[in-house]
Amino acid sequence: MRKKTYVLIFLFLILSLCSCTLQWKQVVREQKYDEGYEDIQRQIVQKYGEQVYVSFGKDDKSLGIYLEVKSSYHQDIKMLSEIPYYMIVEDTRIMINEYLDSNPDSQLSVDMKNTNVYLEMLYEGDHIEFLYLVKPSNERLNIYENVSGDELDDMYDYIAKSGDVKQIKIVDKYGLSDEEQEKWREEVRSKFPLMISDNNQ
């Protein structure tokens with residue numbers, strides 16, 4: 001009986017490993033480049049291609065710049081601690097704004113003037129999870145409509161470094177009383193001198 005149990009456990013482990021391997025193979029895909037946006041796309045991929053797939057999706061009304069989190073990055077605790085999600089989003093936002101300044105005749109600059117452009121980080125696990133959403137103000141990406149994460153202090157400090165963010169969602173900090181929560185929100189607001197309003201919902 002004991003021998004049978006060990007055999008069943010062994011078979012279960014083998015099947016689990018095979019299942020994970022097959023799942024991983026389905027997630028891995030080649031990075032593709034979108035016509036008209038290759039230059040900025042390559043810049044982002046050069047810096048963060050190990051962590052995210054970068055794609056540009058356009059229709060008549062909007063242009064989405066998507067940072068899709070790779071499974072290998074999402075599952076790597078060491079890499080996540082060294083390069084958190086918010087760092088990739090913020091660095092990409094700055095890269096895009098610098099590209100717009102240097103390339104006023106680019107397709108992306110034209111889109112910023114004529115359509116709704118947004119930068120979005122998402123993770124497709126069991127369901128699609130939207131982690132960050134950044135939108136423009138005055139033809140520059142500087143409004144954070146959605147942020148998420150556990151390291152809120154580090155995240156807001158990092159995003160505040162650029163000094164150009166005009167609006168950011170302030171996430172409630174777990175475990176604080178109402179009074180402490182409001183003090184926390186004021187502290188976060190103080191990091192963003194250009195803030196016109198926070199996007200708390």
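Two strands are taken to pair if DSSP finds at least two bridges between them. On this basis, strand β4 (residues 128-137) and strand β5 (residues 140-146) of the predicted model pair in the antiparallel sense, with five bridges between them. Within this arrangement, K135 is placed opposite I143 of β5.

The β4-β5 pair belongs to an open sheet of six strands, whose order is β1-β2-β3-β4-β5-β6 and whose pairing is mixed. The edge positions are taken by β1 (52-58) and β6 (167-168); each has a single partner strand, so one side of each is left without a neighbour in the sheet. In general, the strands of a sheet pair through backbone hydrogen bonds, in either a parallel or an antiparallel sense.

The chain as a whole contains eight helices and six strands. Read from the N terminus, its elements follow the succession α-α-β-β-α-α-α-α-β-β-β-α-β-α. Among contacts in the chain with a separation of 6 or more, 52% are accounted for by residues 24 or more positions apart. The chain comprises 201 residues, 40% of which count as buried. Its accessible surface amounts to about 12,400 Å², and carbon and sulfur atoms contribute 52% of this area.

Helix α5 (residues 85-102) is associated with both the sheet and another helix. With respect to the sheet, α5 lies across β1, β2 (62-69), β3 (116-124), β4 and β5, and runs at about 155° to β5. With respect to helix α2 (residues 38-48), the axes of α2 and α5 come within 10 Å and cross at roughly 150°. Angles over 145 degrees count as roughly antiparallel, and α2 and α5 are therefore roughly antiparallel to each other. The crossing of these two helices, α2 and α5, is right-handed. On the α2 side, the residues involved in the contact are D39, I40, Q43, I44, K47 and Y48, which meet M87, I88, D91, T92, M95, I96 and Y99 of α5.

Helix α5 is also a packing partner of the buried residues of α7, as are β4, β5, β6 and α8 (178-190). Helix α7 spans residues 152-160, and its buried positions are L152, M155, Y156, Y158, I159 and A160. The buried residues of α7 thus contact the paired strands β4 and β5 as well as β6, one of the two edge strands of the sheet.

Definitions and conventions. Residues numbered from 1 in each chain as written. Predicted model: local features only at pLDDT ≥ 70, side-chain atom pairs only at ≥ 80, totals over all residues. Heavy atoms only, no water. Helix = DSSP H or I, 4+ residues; strand = E, 2+ residues; numbered from the N terminus. Contact = heavy atoms within 4.5 Å. Axes fitted to C-alpha atoms, helices over the stretch in contact; angles between N-to-C directions. Buried < 20%, exposed > 50% of the residue type's maximum accessible area, 1.4 Å probe, protein only. Areas by Shrake-Rupley, 256 points an atom, 1.4 Å probe, with all protein chains shown as cover. Parallel < 35°, antiparallel > 145°, perpendicular 65-115°, else oblique. Left-handed = near helix turned anticlockwise from the far one by under 90°.
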